[in-house]
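This report describes selected local features of a single protein chain. The sequence and the structure are shown first, and the discussion follows.

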Amino acid sequence: MTKKDRAEMYARFLASIGYRVYIKDNNDVIIEYDSCAYKLRMEMYDDDSFVRIVLPNFRLLHSKEERAKAKAAASLTTQAVKCAKVFTAGDEVDAVVELFLPDPTAIRSVFGRCIQALADAALVFTHNMASL
């Protein structure tokens, strides 16, 4: 299955369950949900079983001190939230869920939990930033 085929399959499935979706030129599937834009990333790997769902740039960092604090908060968040990883990239904070599926259609059984894990990660990260 090509990346384009996978992206189209994911987009059809997500649209059928009520998500607003569109496919970018690089075959990433953008999912608009709950005031956020999530991404199903396609361009990184030629592996039908690998899925990466990202909540990109959910927090901007404005100073060197805030970036240092964010690294600690990201580590604490990654330890606390199932399946999701939080990391900093320059002045931005991203959350990601990466997993292997037995076949691309298996995403149907886990997608909702993945989105919830990303939302939880953003919430826990925000709490950790406030408490550090």
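Rings of Phe, Tyr and Trp, the last taken by its six-membered ring, are counted as a pair if their centres lie within 6.5 Å. The model under discussion is predicted.

## Aromatic pairs

Y19, Y33 and F111 form one aromatic cluster. In the structure as a whole, a search finds 4 aromatic pairs. In the pair of Y19 and Y33, the ring centres are 5.2 Å apart and the planes stand at 65°, so the arrangement is edge-to-face; the cut-off for that class is an angle over 60 degrees. This pair links distant parts of the chain, since Y19 belongs to the loop between α1 (3-16) and β1 whereas Y33 belongs to strand β2, 14 residues apart. The two tyrosines also carry separate labels for accessibility: Y19 counts as buried at 15%, and Y33 is partly exposed at 39%.

## Two hairpins and their positive phi angles

Strand β1 (residues 20-23) and strand β2 (residues 29-33) run antiparallel and are joined by 4 bridges. One of the bridge partnerships places I23 opposite V29 of β2. The hairpin of β1 and β2 has 5 residues between the strands. Within that loop lies N27, and its phi is near 75°, a positive value in a residue other than glycine. N27 counts as buried, because its relative accessibility of 18% falls under the 20% limit.

Strands β5 and β6 likewise pair in the antiparallel sense, over 6 bridges. Here V86 has A95 of β6 as its bridge partner. The hairpin of β5 and β6 has 2 residues between the strands, and G90 takes a positive phi near 65° in it. G90 is placed in the loop between β5 (84-89) and β6 (92-100). Leaving aside neighbours within four places in sequence, G90 is in contact with L61 and R67. By contrast, the C-alpha atoms of G90 and F13 are separated by 33 Å, with these positions 77 residues apart along the chain.

A positive phi also occurs at D34, about 55°, although D34 is not a glycine. D34 is located in the loop between β2 and β3 (36-40). This residue is exposed, with a relative accessible area of 61%.

## Accessibility of selected residues

The table gathers the relative accessible areas of residues discussed in this report.

| Residue | Relative accessible area | Class |
|---|---|---|
| C114 | 5% | buried |
| Y19 | 15% | buried |
| N27 | 18% | buried |
| C36 | 29% | partly exposed |
| D103 | 32% | partly exposed |
| Y33 | 39% | partly exposed |
| D34 | 61% | exposed |

## Cysteines

How many disulfides does the structure hold? The count is 0. C36 is in no disulfide, and the nearest cysteine sulfur, that of C114, is 15 Å away. C36 is partly exposed, with a relative accessible area of 29%.

For C114, the closest cysteine sulfur is in C83, at 5.4 Å, which is too far for a bond. The reasoning rests on the cut-off, because a disulfide requires a pair of cysteine sulfur atoms within 2.5 Å. C114 counts as buried, with a relative accessibility of 5%.

## The largest pocket

Both C83 and C114 appear again in the lining of the largest pocket, together with K82, L99, V110, R113 and A117. The volume of the largest pocket is about 160 Å³. Which helix gives the most to this lining? Helix α3 (residues 107-131) does, with 4 residues.

The loop between β6 and α3 holds D103. D103 is partly exposed, with a relative accessible area of 32%. Its C-alpha atom is separated from that of C114 by 16 Å, and the two residues are 11 residues apart along the chain.

Terms used: Residues are numbered from 1 along each chain as its sequence is written. This is a predicted model: local features need pLDDT of at least 70, side-chain atom pairs count only at pLDDT 80 or more; totals for chains, interfaces and linings use all residues. Side-chain values use heavy atoms; hydrogens and water are left out. Two strands pair if DSSP finds at least two bridges between them. Buried means under 20% relative accessible area, exposed over 50%, partly exposed in between (1.4 Å probe, protein chains only). Rings of Phe, Tyr and Trp (its six-membered ring) pair if their centres lie within 6.5 Å; planes under 30 degrees apart count as stacked, over 60 as edge-to-face and the rest as tilted. Contact means heavy atoms within 4.5 Å. On a 1 Å grid over the protein atoms alone, a cavity is a set of points where a 1.4 Å probe fits but cannot get out, and a pocket is an open set with protein on both sides within 12 Å along at least five of seven lines; lining residues have an atom within 4 Å of a point. Grid points are joined across faces, edges and corners, and a volume is the space filled by probe spheres set on the points.
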